[in-house]
Amino acid sequence: MSFDLRRRIFDALDALVLIDPHTHINPLSPASTTLADILGYHYYTELAHSAGLPKEEIEEPGLDPKEKVRRLILNAGPTDNTIQYSWLVEMAQKFFGFTDERVTLQNWEPLYDAAAAKMASPDWPQQVLEQSKLEAVFLTNDFDDPLAGFDTNIYVPCLRTDDLVFHLAKPEVRYRLASFTRIEATTAESLRRAIAALFNHFKANNARACAISLPPDFSPAKISDARANTALSALYLHGKAASEADKRAAGSFVFWNLSEMCAEHSLPFDLMIGVNRGVYEAGVHQGRDLYDSRVSLIQYKQLFNAFPQVIFPISVLASVTNQELTSYAWIFPNVVTNGHWWYSNTPTFIEHDLACRLEAVPRTKQIGYYSDMYKLEFALPKFAMYKRILAKVLAERFCIDRDWSEERAVDFGTQILRGNVEAIFYA
Amino acid sequence: MSFDLRRRIFDALDALVLIDPHTHINPLSPASTTLADILGYHYYTELAHSAGLPKEEIEEPGLDPKEKVRRLILNAGPTDNTIQYSWLVEMAQKFFGFTDERVTLQNWEPLYDAAAAKMASPDWPQQVLEQSKLEAVFLTNDFDDPLAGFDTNIYVPCLRTDDLVFHLAKPEVRYRLASFTRIEATTAESLRRAIAALFNHFKANNARACAISLPPDFSPAKISDARANTALSALYLHGKAASEADKRAAGSFVFWNLSEMCAEHSLPFDLMIGVNRGVYEAGVHQGRDLYDSRVSLIQYKQLFNAFPQVIFPISVLASVTNQELTSYAWIFPNVVTNGHWWYSNTPTFIEHDLACRLEAVPRTKQIGYYSDMYKLEFALPKFAMYKRILAKVLAERFCIDRDWSEERAVDFGTQILRGNVEAIFYA
Amino acid sequence: MSFDLRRRIFDALDALVLIDPHTHINPLSPASTTLADILGYHYYTELAHSAGLPKEEIEEPGLDPKEKVRRLILNAGPTDNTIQYSWLVEMAQKFFGFTDERVTLQNWEPLYDAAAAKMASPDWPQQVLEQSKLEAVFLTNDFDDPLAGFDTNIYVPCLRTDDLVFHLAKPEVRYRLASFTRIEATTAESLRRAIAALFNHFKANNARACAISLPPDFSPAKISDARANTALSALYLHGKAASEADKRAAGSFVFWNLSEMCAEHSLPFDLMIGVNRGVYEAGVHQGRDLYDSRVSLIQYKQLFNAFPQVIFPISVLASVTNQELTSYAWIFPNVVTNGHWWYSNTPTFIEHDLACRLEAVPRTKQIGYYSDMYKLEFALPKFAMYKRILAKVLAERFCIDRDWSEERAVDFGTQILRGNVEAIFYA
């Protein structure tokens with residue numbers, strides 16, 4: 001009984017046309033051109049490397065895409081249990097007519113060629129969006145992105161601000177900011193104007209969110225202009241050699257200012273909380289970051305209280321933080337749960353974290369899922385994974401445990417998947 | 001098969017007459033007089049507020065109860081997914097003949113009137129107790145509660161001690177203590193006598209427990225009389241402006257003294273560990289508290305070792321602390337698991353936390369559930385939620401996974417729900 | 001459907017012959033001689049004590065084994081819900097023909113006698129190994145164990161190093177080291193030579209791993225020889241009265257040196273992370289240790305980066321650390337997940353932790369289970385518990401949720417249970 005129920009709920013949810021509220025898509029090259037774009041995703045390179053493939057073989061300069069795919073497939077066996085591997089197989093099956101359950105040295109080459117042929121079509125990105133039932137995907141744009149050359153209704157700009165908060169000590173970041181805004185941000189006042197210019201630029205180009213990823217020890221605090229001036233002077237004088245205290249003060253000042261701008265421009269501020277960068281120094285590209293799960297949303301108490309008018313869609317890296325997220329979203333009107341991020345984006349964590357949210361957070365305050373993808377082909381299997389789990393939780397914990405009708409469960413799932421994205425980002 | 005099994009186990013557990021070992025019932029007004037008493041519960045006001053209803057509309061001075069209910073129902077839609085909302089519907093169905101699955105602007109008024117009519121009956125509290133199969137409920141009494149005017153066999157006094165440990169710096173708390181005990185507690189010695197007087201008063205009135213809620217950073221420690229004297233002098237001199245160090249020393253002294261009194265009077269000491277008060281300053285009444293889940297029972301090492309003769313029924317606010325609770329109850333003879341508190345009192349957390357305890361903690365050392373209610377009507381749906389989960393876990397993890405007979409499972413569940421409450425609090 | 005599937009997968013996994021990669025077996029007395037050896041296991045004595053049996057009755061000097069068993073059985077009722085108790089019943093049933101579901105005052109004596117009779121057979125250890133389908137068990141050897149008098153292919157030496165890292169301040173530890181190696185380890189240089197001598201001894205005797213258990217606040221760091229010399233001088237001068245700083249420096253120096261030796265000798269280094277020793281001072285033998293779950297693998301960042309050539313099979317004491325372990329094993333090639341340790345070795349934690357690992361860590365980097373046993377009889381019920389859970393997770397989360405074939409699931413389970421133990425420890 002429950003399997004049929006799950007299947008029916010899944011089918012209903014799978015029929016929806018969605019908006020993906022967080023990706024790393026390059027709108028000028030949104031889809032893959034060969035399988036190397038897919039297997040080059042850090043989820044595959046880092047797993048292959050973890051299972052023994054030397055980094056040098058993966059990141060060899062000038063490596064031919066086909067040879068890169070061959071090497072990764074040759075070494076994919078030890079990872080064929082992972083959910084990440086299942087995304088690969090599902091992409092291959094759904095987009096390229098692949099019929100096996102594993103990609104091996106025996107069958108990879110026809111798949112590579114079939115994919116290359118399909119990807120060569122000029123409207124391949126549109127085909128992928130259509131087959132994936134996606135009508136728009138949110139981007140992750142550098143603060144100095146010109147936001148030109150693409151349809152911002154489909155590829156929706158979002159202002160990513162890690163560089164400004166965490167790397168303002170780097171001369172190149174300050175240079176980019178000055179070049180783009182024509183403002184030399186040497187003081188609290190001028191920095192405020194420069195940030196305002198960025199927001200004006202993004203808002204003029206249909207931006208729907210401001211976003212940032214944050215380390216476990218970050219705790220937002222209001223910084224006075226005087227303190228910010230001292231810190232900025234130090235950053236200009238010493239660059240990356242400035243003291244940690246000055247770097248932190250400058251970063252905190254920027255962060256608080258971003259929140260003020262979000263308030264002024266009615267932009268949600270996506271907080272992705274908990275990542276430590278560069279933990280595994282010798283790792284592959286984008287496969288070096290891990291975390292310390294000892295983080296608490298109590299660190300954001302001052303922020304949530306200070307900005308009641310800003311919506312904060314929050315992602316947490318570790319499942320052990322999910323109960324806090326659930327509770328804070330239950331209490332704070334401006335805190336919203338947002339997707340299942342990175343190391344928590346695997347089925348067992350999703351199932352647990354999702355179930356906790358569905359039963360305790362107002363239904364209007366939960367953004368179900370985003371793909372976090374770099375290439376369009378990934379939305380289909382990632383969202384499919386999520387929808388299967390959502391259907392399972394709705395079937396087991398609502399229809400069976402709580403006697404909900406199937407219709408009511410589908411209605412709830414629809415709001416989580418689609419309705420809230422519109423209500424929160426298109427308000 | 002497993003659904004029938006769950007149902008049969010639930011039915012057996014649901015037939016039990018219970019004692020609710022922790023509530024906030026006012027014994028002089030134990031049940032609701034209108035639906036506003038039910039919808040005014042912070043679980044509903046805070047969720048409605050979180051979903052967008054301004055605090056001013058909920059807490060408007062002089063607001064008519066019926067209008068309050070109308071406003072809350074009007075704004076309840078965004079929370080109709082929550083387990084808290086399901087309690088409302090179950091109360092409406094079981095007590096007032098409600099037959100729909102949602103309370104809406106279309107059907108709330110007849111429900112309001114039906115409830116008001118039933119609640120007007122002079123024996124309504126007795127009706128609720130009987131229909132809820134409750135023979136006694138434990139109270140949460142201020143230290144200076146006269147404990148008069150009610151049957152302490154039904155409404156069982158418990159000495160709540162947060163004020164003494166955390167607010168002794170406030171002149172009004174010291175005033176209340178002095179007024180009630182006729183002892184001016186200016187020294188370690190006189191404070192000890194004052195606390196002893198409270199215990200005598202409570203024990204003379206059938207008290208069954210001492211209780212306190214504790215913030216995540218609390219760590220009990222024995223304080224010398226000399227240090228306590230210094231701290232108390234500072235509190236009397238500076239009041240709330242006393243130093244944090246002095247406030248903490250005084251609080252620690254009181255806490256340790258309470259433990260000594262529990263030993264002397266053979267009273268269990270309920271510890272509710274992990275809450276930060278006032279995190280959301282602008283929240284509704286009782287909807288401002290949250291937590292930092294980074295807490296460990298290692299902070300209680302000295303206490304558990306120092307008082308082997310005191311039973312500590314322990315509740316933890318965050319599910320991530322539940323494994324520590326399970327392990328400490330497995331090792332320490334004086335540590336007992338106690339219910340599922342507040343932000344962990346939702347089905348997914350209960351199911352996980354309960355399953356962990358059932359399979360690793362001696363069956364005599366687990367207090368299954370308490371309602372934490374402010375009005376009697378809440379026991380029925382809250383206990384029903386718990387019993388459904390208990391039946392599910394017993395069916396799936398004991399009968400199916402471990403081949404237990406249904407009878408053995410029901411026997412175990414009965415002890416968790418009823419037997420241990422008697423054995424621990426009525427020893 | 002899923003119950004039959006679970007059963008079939010379990011049966012396939014249960015047919016495997018295994019190697020147990022971590023136990024505390026004494027190879028000169030590997031099996032029990034009476035039921036007192038089984039009921040004397042700390043899992044039973046600590047639970048009986050926790051449920052009320054005074055320590056004095058359990059640890060009475062000169063207590064007759066039969067009387068000890070009688071006392072423990074008399075007090076086992078309150079723990080008959082626990083999974084630990086179920087191991088006892090399963091041992092009784094599988095090894096001694098016991099047919100009841102509880103061991104009681106009515107039936108324990110025939111069981112005791114039947115066990116004693118079987119255990120009296122000179123080849124009882126071999127019978128147990130055979131019935132348990134075990135071909136080898138790894139030991140936990142003191143650094144000065146002569147490793148003589150047993151077949152190291154069946155009883156495989158592992159160098160346990162807690163004493164060297166945490167107790168070098170004790171004169172008796174330094175004396176044991178000097179006696180065994182004929183090197184007085186008063187300096188960094190001589191200590192390095194002494195440790196090298198231990199590794200040569202263990203490697204010459206077929207050792208397959210180095211191992212250590214670590215407290216939550218331990219964070220490996222490289223210590224200079226100069227600092228180590230200062231610390232060692234202090235340890236020799238002051239013994240246990242040496243400063244914490246010197247003790248830590250010496251311990252860190254030893255730990256780093258052990259890692260270097262593991263690299264040189266290609267030995268995996270088992271890290272068992274998170275235990276606080278002696279938390280319950282008045283507890284029974286081996287029933288005094290608990291933990292602070294606030295620990296992070298970020299503490300091991302420097303170590304994992306410094307020793308890419310050393311495999312670190314890692315066990316974590318608390319389930320809340322399991323996601324970090326999963327993520328670190330997903331990223332770091334030298335981090336491997338290892339079993340389900342102690343307070344996480346109960347079904348609900350195993351099920352959750354295992355499911356998370358199976359879907360995100362390369363299949364080659366997961367060591368499924370070890371028994372941690374002190375007597376051979378325990379492997380059978382402990383591994384059976386694990387295999388039932390493994391079968392459940394494979395059936396539900398792979399065959400059902402992800403459409404895997406039964407054959408593929410069994411193949412994966414086989415690698416987790418057996419293949420990886422060979423690949424990692426017999427490389």
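## Contact between chains A and C

In the contact, 45 residues come from chain A and 38 residues from chain C, and the model in which this contact is described is a predicted one. The size of an interface is often given as the accessible area lost when the parts come together. By that reckoning chain A and chain C bury about 3500 Å² between them, with carbon and sulfur atoms accounting for 54% of the buried area.

## Polar and charged pairs across the interface

Five salt bridges are found by the rule across the interface of chain A and chain C. A salt bridge joins C:Arg397 to A:Glu351, where the closest N and O atoms are 3.1 Å apart. Across the interface of chain A and chain C there are also 30 residue pairs in polar contact, counted with both residues at pLDDT 80 or more.

## The side of chain A that touches chain C

Four helices of chain A, namely H1 (2-14), H3 (42-50), H6 (83-96) and H16 (347-358), are the elements that give two or more residues to the side that touches chain C. Of these, H3(A) supplies the largest share, which amounts to five residues. When the residues on this side of chain A are sorted by class, 19 are nonpolar, 16 are polar and ten are charged.

## The largest cavity

A search of the whole structure yields twelve cavities of 30 Å³ or more, and the largest cavity holds about 280 Å³ of space. Its lining is made up of 20 residues, of which A:Val320, B:Val320, B:His352, C:Val320 and C:His352 are the closest to the centre of the cavity.

The elements that give two or more residues to the lining of the largest cavity are helix H15 (322-331) and helix H16 (347-358) in chain B, helix H15 (322-331) and helix H16 (347-358) in chain C, and helix H15 (322-331) together with H16 in chain A. H16 of chain A is thus named both for this lining and for the side of chain A that touches chain C. By class, the lining of the largest cavity divides into twelve polar, six nonpolar and two charged residues.

## The second largest cavity

About 200 Å³ of space lies in the second largest cavity, which is lined by 15 residues, those closest to its centre being A:Ser293, A:Arg294, A:Val320, B:Ser293 and B:Arg294. A:Val320 is therefore listed among the residues closest to the centre for the largest cavity and for the second largest cavity. The lining of the second largest cavity has six nonpolar, six polar and three charged residues.

Notes. Residues numbered from 1 in each chain as written. Chains lettered and ligands numbered in written order. Predicted model: local features only at pLDDT ≥ 70, side-chain atom pairs only at ≥ 80, totals over all residues. Heavy atoms only, no water. Contact = heavy atoms within 4.5 Å. Buried area = accessible area lost by both parts, 1.4 Å probe. Salt bridge = Lys/Arg side-chain N within 4 Å of Asp/Glu carboxyl O. Polar contact = N/O pair within 3.5 Å; in protein donor to acceptor, adjacent residues only side chain to side chain. Nonpolar A, V, L, I, M, F, W, Y, C, P; charged D, E, K, R; others polar. 1 Å grid on protein atoms, 1.4 Å probe; cavity = no way out; pocket = protein on both sides within 12 Å on 5 of 7 lines; lining within 4 Å. Points joined across faces, edges and corners; volume = space filled by probe spheres on them.
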